[in-house]
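Trainee: Could we go through this model together, one question at a time? I'd like the cut-offs spelled out as we go.

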Amino acid sequence: MKGQSSISSFFSKSAEKPPKPKQNPNANFKQLSYLEMLERRQEKPIQFSQLQHKFSLPGAPSSSVEGLPSDLPEAQAIKTPLGNRERSLVAENEDSPLHALQKTPFKTPPNKGVIEFDSDKCSGVQRKRELYAYEKTFEDRLLAVQNDVAADFDWPDTPAVQPFVPRNKRILEDNSEVTRCQELLPASDPNKRRKLIEVLGEDGLEHGGAWEKSKSKFEFLDPSVIRDAKLRRPSDPLYDKRTLHIPKDVLDKMSASQKQYWTTKCQYMDTILFFKVGKFYELYEVDAEIGQKEFDWKMIISGVGKCRQVGVPESGIEEAILKLLERGYKVGRMEQLETTEQAKAKRGSTATVQRELVHISTPSTAIHENLKAEAVHLLALKEETFDRANDCSVAFGFAFVDAAACQFFVGSMSDDSSRSALGALLMQVSPRELLYEIGGLSKETQKALKKYTSLGSVALELTALQPGLDFTDSSAVFKLIQSKGYLKGSGTTSWYAAIESTTHENLVSSALGGLVIHLHRMKLDDDLLCNGAVCPYQVYKGSLRLDGQTLSNLEIFNNNANGSDEGTLFKYLDHCTTSFGKRLLRRWICHPLRNVQDINYRLDAVEELISRPEIAVCISERLRKLPDLERLVARIRGSAGTLSAGLGPLVGPKKIKQRVKTLAAAVKGLRDGMDLLKVLHIGDQDGPPKTHLLWETSTMRNTIQLNQILDQIELIIEEKLPFDVKFPKQDKDLGEDGVESLNSIENLFTQEIAHWSRIVDATSCIDVLVAFARSANSSNGTTCRPVLVSVQENDSILDGGKKVSILSMKGLWHPYGMGGQGSQPVPNDIELGNERAYGCPRAMLLTGPNMGGKSTLLRATCLAVIMAQLGCYVPCESCILSPADVIFTRLGASDRIMSGESTFLVECMEAASVLRYATPYSLVVLDELGRGTSTFDGYAIAYAVFRHLVETKDCRLLFATHYHPLTKEFASHPCVRLMHMSCSFEAKSTCVDYTGVSNSQSEKAITTDNSLNLDFFDTERHLVFLYKLRSGASPESYGLQVALLAGMPRSLVKAAFDASQVMKSWLSSSFDSSEQRAEFSTLHEQWLRTVLATPDDKSLHNNLDFTAEDAYDNLLCVWHELQNFSQQSAKP
């Protein structure tokens, strides 16, 4: 008892506990107590009976510590947080402060006594106080070491205190930290490495201790030995990364819980699998690594079979799944189908709780998750290549699904080597995931996928499926759907009728089969497959054709800067209030109308909404109250009659509650939608709507019957289900008795699904029309209603017996591309063809300075045509046009390095598509064709393409170029109009405008004042862009002035100016057609030679493919030239 009395006397003198030393705030180290160090040393809990030692305490004369282990490595157990895992740090460098601490003998301060005690007879509080005496002395020495170590190693803070770091940066930092820590371990000396790992303990390093033991249990996951379910290695072309082979002997050694997990996981290696254990959801092994990386969850050795695991409580599982879906992961949940008590009562005390994979959520098949307004699609693609007349032709069959709307679409299309139709499909559908057959896509198709999927803001996931198993023939698909009872929402045979309506039935059937098998694997039978509806889909369904390249060039849905919707036509027109209205707007933009009557119906409705703003405001207010009716109605239709009582007591009530909430929200939303249509149909003080579309859309039939059905549904919910429709967010438990009642309600609801769908369609249509009216009212410039002129065969406009398509716009401005004169748009006039003027040119050859606004004008023209055919007001003062069948664009300069395609190859491919498919009703826009190669080759390509489109295709053409000799060649062509974007040189007090009314005047303006040109670089004059379209050709592109604006050295630009003058003098003598023959070009000479050629001159006729019709055309051209020449000569 001597020790006890000594301890009592000591603590009676020291009433206050000695204060701990002040720690360095920069040191992020956790100190270990003496007890913890002993536990690490012996790798087992320490009993107090082992601690019968003598401790040095204040007041004793002894200067030694008796009874302590002599080889205690005090400094070797400093515990340091490393990323999200704590690792021990051991310094091997002799200069390290840790090394110095190990070599220093441990001595107690002077005048400190030695107190002996028996630990077994001491109370817990006394033992802690006595141990503190030693810890206090050790902490003083340890703190100094920590300060030195903190200066040498800049370890990050723990996740709880460190600021938010983006995921990619966090991964890089974690990897760098692992590397730095591993560098401290000597790899050359195995014995030293083993000793260090023993000191660090089982939780020390990922590659040592318990981590290594855990890895050894799952050798089948090692990349060096991993195989799929068919024993194929990753090097095999048919390797299926979705599956995993687990040896039978390994599986037999697993416990019942392990077998539950791994027998499911081996079939879903592409899915993060949450395993329900009590009140927690756990992730194991490879999934645990993802959980740790994405959420910084603490990884431990525990769980199923003592493997690496992380976990999340029941309350946080929904949030975790949503975050994983946002980051592109597939997530599944293995739920408990019974409680532990139920399992023991059924199968004995040793029974294992039954678990089953009941649901898989993916970014492309989200149904119940918090979805955004835009539709999410999963696309399956099947390709077949043909060789027709040495021209590579390809056919595609496709099937895609909008899971949230429970809607399937099937179709087929033919395409060429440019894959423009495939690009249109990808831009229209914008899939989140694409299913394809392994080895089933050609290289050209793979290049197109890389090109078009890189344009959006969301990455496309490519999923390879097994040939012959996932993509089967049509007979196997038919048997599969019939045997499983899938796609009943389309009726008995309508899904097959949708396939029969396509051109390539076998390809479409195979694509639909691959899609159905994939959805079945994702456990979506009840929610999607059973009652899914199938509709045919046409990429160009009788509408204005916008291929993938045009949608990209015009930035219809995504801009080319960052892939977002800022600065796009969709963003400009998107004034929709409801989510389903936004989705309808996107579908309308993908398929603008061609029928003049249908376009005028929309324009009439928009005009009435603009003239009656009270109705538009009232509609907008009521639209804000509506939920996403389209998805609610589709969700009820898709899940009707699929709920069974066999889901178990833990899963069944959740599904029942979810469906009741959906049904209640749909009932309330449909009532509000019907009230909105009623208000619109009645109208205001001016009466009901007067336009055809608004009247037909707002007309409701069987209103009384529909209201009675909604009343009946509400009554059944209130009486048979403990749920209040007025408060759909309340959380009440629903028993298994609710299954039958809920199924009866859903069946009653789906009997009138056609009427509910009509309410949704009418409401979304009104939402889009109101958005068109709001966009016209909120525009920054003048807008007008376009006048559509039909060019059908019965009422065509004639010009010398030919059908004429016109485009006449006054005061055209870019709807959302502000620039030039501050924030105000610069209006311009465009005229291609004229219904009143005979022989008006339908081709414009556009020149002007760099950055002068040529591309903006071209884009504005195309956007105005699209907006007009959508049925909304266009950004100009007046607009008269014939509906276009196709819009072709070749804008900008871009290569496809990843696809092995140069800038010039891309230009030629786009031009080839124009030459192949353009018609007299098309609108073609070509910007700087031929600039990707040498000057003469590029000029030759531009000349040949332009002349072919003008004289053969006779389409509406806007051709922008910097090849100024083209203006000489086509200066007097009767079908070509020369125009340019004007600019001026601005000095301190004067502004000299070089833009003239005609080509000859503008040429004189730039050539007669040579002194001004030579002295330009010595003055303060600078180039000013006017962004105004004027008649005539621009004599220069002013590239040197733009170079000065870009910041190039003035001396360098002056040298380039001198060199350009020399080159111009050289070309003037050899390029006669462009510099010396403006009055009568080589094109005119060729026409005349063709007409005057004798019948014996076969070589000339053969080279020109000369026919009698060509002779008449050439005579007409020569007559026009002579007439123009005589008119110019007659002028004074």
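**Salt bridges and burial**

Trainee: Arg 612: buried or exposed?

Mentor: Its relative accessible area is 6%. Buried means under 20%, exposed over 50% and partly exposed in between, with a 1.4 Å probe and protein chains only. So Arg 612 counts as buried.

Trainee: Before we go on, what kind of model is this, and how are its residues numbered?

Mentor: It's a predicted model, where local features need pLDDT of at least 70 and side-chain atom pairs count only at pLDDT 80 or more, while totals for chains, interfaces and linings use all residues. Side-chain values use heavy atoms, with hydrogens and water left out, and residues are numbered from 1 along each chain as its sequence is written.

Trainee: Which residue forms a salt bridge with Arg 612?

Mentor: A salt bridge here needs a side-chain nitrogen of Lys or Arg within 4 Å of a carboxyl oxygen of Asp or Glu. The partner's N to O distance is 2.8 Å, and the partner is buried too, at 9% relative accessibility. That residue is Glu 608.

Trainee: How many residues apart are Asp 954 and Arg 842?

Mentor: Their side chains meet in a salt bridge at 3.0 Å, N to O. The pair links distant parts of the chain: Asp 954 sits in the loop between helix H32 (935-953) and strand S26 (956-960), and Arg 842 in the loop between strand S21 (828-832) and strand S22 (843-847). (Helices are DSSP runs of H or I with at least four residues, strands are E runs of at least two, and both are numbered from the N terminus.) Both residues are buried, and their separation in sequence is 112 residues.

Trainee: What separates the closest N and O atoms of Asp 228 and Arg 232?

Mentor: Both residues are buried. They form a salt bridge, and the closest N and O atoms are apart by 2.9 Å.

Trainee: And how many salt bridges does a search of the whole structure find?

Mentor: Besides the pairs above, there's a network linking Arg 583, Asp 628, Glu 630 and Arg 631. Searching the whole structure, the count is 37.

Trainee: How far apart in space are the C-alpha atoms of Asp 628 and Ser 579?

Mentor: Asp 628 is in the loop between helix H23 (613-623) and H24, and with 17% relative accessible area it is buried. Ser 579 is 49 residues away along the chain, but the C-alpha separation is 6.0 Å.

Trainee: Same idea for Val 410 and Ile 499: how far apart are they in space?

Mentor: Val 410 belongs to strand S13 (residues 407-415) and is buried, at 0% relative accessibility. The two residues are 89 apart in sequence, and C-alpha to C-alpha they are separated by 6.7 Å.

Trainee: Which helix gives the most to the lining of the largest cavity?

Mentor: A cavity is a set of points, on a 1 Å grid over the protein atoms alone, where a 1.4 Å probe fits but cannot get out; lining residues have an atom within 4 Å of a point. Two helices, H24 (629-639) and H25 (652-682), each supply at least two lining residues. With 4 residues, the top contributor is H25.

Trainee: What volume does that cavity have?

Mentor: Grid points are joined across faces, edges and corners, and volume is the space filled by probe spheres set on the points. By this rule there are 8 cavities of 30 Å³ or more. The largest one comes to about 110 Å³.

Trainee: How many of its lining residues are charged?

Mentor: Ala, Val, Leu, Ile, Met, Phe, Trp, Tyr, Cys and Pro count as nonpolar, Asp, Glu, Lys and Arg as charged, and the others, Gly among them, as polar. The lining includes Ile 367, Asp 527, Arg 635 and Glu 746. It has 2 nonpolar and 4 polar residues, and the charged ones number 5.

Trainee: What is phi of Met 851?

Mentor: Most residues other than glycine have a negative phi. Met 851 lies in the loop between S22 and helix H30 (854-870) and is exposed, at 53% relative accessible area. Its phi is positive, near 65 degrees.

Conventions. 1 Å grid on protein atoms, 1.4 Å probe; cavity = no way out; pocket = protein on both sides within 12 Å on 5 of 7 lines; lining within 4 Å.
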